[in-house]
Amino acid sequence: MLRLLTIALAAFLALSAHAAAAAAGETVHAVRILTSFPPQFFEPFRRAFTERHRAISLEFVQRKTTTALADLIGGRDRADIFWASAPDAFEILKRSGRLAALKPRPTEAPERIAGYPVNDPDLTYLGFALSGYGFAYNPAYLEARGLPVPRGWSDLAAPIYAGHIGISSPSRSGTMHLMVEAILQAYGWDRGWGIWSEIGGNLATVTARSFGVSAGVARGRFGLGPSIDFLANPEGFPTGSTRFALPEETLFVPASIAVLADAANREGAERFVDFVLSPEGQSLLLDPAIARLPISPSVYPPGGAPDANPFLREGLFARGLFDAGLSAARYELVNIIFDEMITFRRSELGRLWRSVRALEAALSESTDAELARLVSEARQALTQPPLSGADAMELERWRSLVRIPRGLPTPEPQARLEADIKARIEEGMQRATRALAVAAATLEDAERGRRGAGAGEP
């Protein structure tokens, strides 16, 4: 009901702006904005902008980033502006020739924040806010189960979180895709996929959208999940049902805005970009209803805490610069591997990792070298990605991969690649299953032997 009222109010305000402009004898020109942001984010911008530019109306079209990319590149949708969080999404549009060159705006922002460039060096997209990536968690849920708040990304792979984590799929969420790729870049391809495999073994569910993670946490369906700061407190839930934690390896990247190369209303689009990057537009981001981190240092209140002001802290990218171009080049490859390795095999992966961890615990009381070898083989089979790190860097091979809308055929070369990846992952799963079965039998035989030896003692 609240969402319907919000939409109805937005429509009323838009009609009022049209009526006021018409009464003044002005021609109303619409700017179509394709965005992944929710209404509570963009409606304050609509109201403030249309008060100052009554001859320009704003049409917001809310889409998942992955869907928006596929529709724009596939020619199934058009827009004047693309407004989203994931930097690699802008890189994909840039490489496809879909973005117009912009002039820089005087935001007083440094060229880099936490090692990451604020604006595209070619100025096809401009950073307007900073997104903090971390964990949404339910404090009551964690306390009831004696679970600590994770301190780092790799903590999510710990056995204590088995069955307590929710994520979205990177193929359906640009936010999640960035977090997946960030781990792959920060830890390396092989180690990164190993971490994601272990996290996959801890999953309670894979949600359809990024919003589903924080909502699931708030409902207590699971205890925590990777999230972006502004999604961590979903609407309609009691205050305190979720909290947001920035890990020690804090991940800050710019959320950006771009004008499409084929924008029908280029002038109106430029005006909106001007507004978003103006002191007034930047100050709107501090509204508790929006709760974003402005790109302009001057709009922050003096004396703020590091969690509230990214200019006061270092982050993951200060040690190793995130490469949005690399992420964009292998965007769909990472999505395909993640879905085949984790999303589609969540239950099986969870079962296998429970077996690995149980046998590893048993090893602490055993000196059986063969048992240790079998468990190590199973772990290696579950953590090894279907393509090597060297393969992943053959970027020209992956640029042609596309997200295929449901119901449409997959191009033959991509279909062969997907089948090969699926087969390699299936082979790894089977290898792990066989090793674990033999290891369990070996442990059982050893246990019977100990019981028999004990029974034969006087």
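Here is a short tour of the aromatic pairs, one pocket and one cavity in this predicted model.

**Stop 1: an aromatic pair**

Start by selecting Phe 135 and Trp 153. How far apart are the centres of their rings, and at what angle do the planes sit? The centres are 5.1 Å apart and the planes are at 65°; over 60 counts as edge-to-face, so that is the label for this pair. Now colour by secondary structure. Phe 135 is in strand β6 (residues 126–137), while Trp 153 is in the loop between α5 (139–145) and β7 (165–168), so the contact ties together parts that are 18 residues apart in sequence. Buried or exposed? Switch on a surface to check: Phe 135 is buried, and Trp 153 is buried too.

**Stop 2: the ring cluster**

That pair has company, with a count of 21 aromatic pairs. For a group of them, select Phe 37, Phe 41, Phe 42, Phe 45, Phe 49, Phe 60, Trp 83, Phe 128, Phe 272 and Phe 275 and show them as sticks. Ring pairs link these residues into a cluster, Trp 83 and Phe 128 among them.

**Stop 3: a charge over a ring**

Next, pick Tyr 141 and Arg 145. The arginine, Arg 145, lies over the face of Tyr 141, at 3.5 Å from the ring centre.

**Stop 4: the second largest pocket**

Move on to Ser 171, Asp 339, Phe 344, Arg 403 and Ile 404, which are the lining residues nearest the centre of the second largest pocket. The pocket has a volume of about 520 Å³, and its lining comes to 18 residues. Which elements give two or more residues to that lining? They are α13 (331–341) and α18 (412–456). Highlight α13 in particular, as the largest share, 5 residues, comes from there. If you colour the pocket lining by class, you should get 5 nonpolar, 6 polar and 7 charged residues.

**Stop 5: the largest cavity**

Last, look for enclosed space. How many cavities of 30 Å³ or more does a search of the whole structure find? The search turns up 3. In the largest cavity there is about 150 Å³ of space. To centre your view there, select Ser 36, Thr 65, Thr 175, Ser 210 and Phe 211, the closest to its centre of the 14 residues that line the cavity. Then show α6 (174–187) and α8 (210–219) as cartoons, since each supplies at least two residues of this lining. Coloured by class, the cavity lining has 4 nonpolar, 7 polar and 3 charged residues.

Key
Residues numbered from 1 in each chain as written. Predicted model: local features only at pLDDT ≥ 70, side-chain atom pairs only at ≥ 80, totals over all residues. Heavy atoms only, no water. 1 Å grid on protein atoms, 1.4 Å probe; cavity = no way out; pocket = protein on both sides within 12 Å on 5 of 7 lines; lining within 4 Å. Points joined across faces, edges and corners; volume = space filled by probe spheres on them. Helix = DSSP H or I, 4+ residues; strand = E, 2+ residues; numbered from the N terminus. Nonpolar A, V, L, I, M, F, W, Y, C, P; charged D, E, K, R; others polar. Phe/Tyr/Trp six-rings, centres within 6.5 Å; stacked < 30°, edge-to-face > 60°. Buried < 20%, exposed > 50% of the residue type's maximum accessible area, 1.4 Å probe, protein only. Lys NZ or Arg CZ within 6 Å of the ring centre and 35° of its normal.
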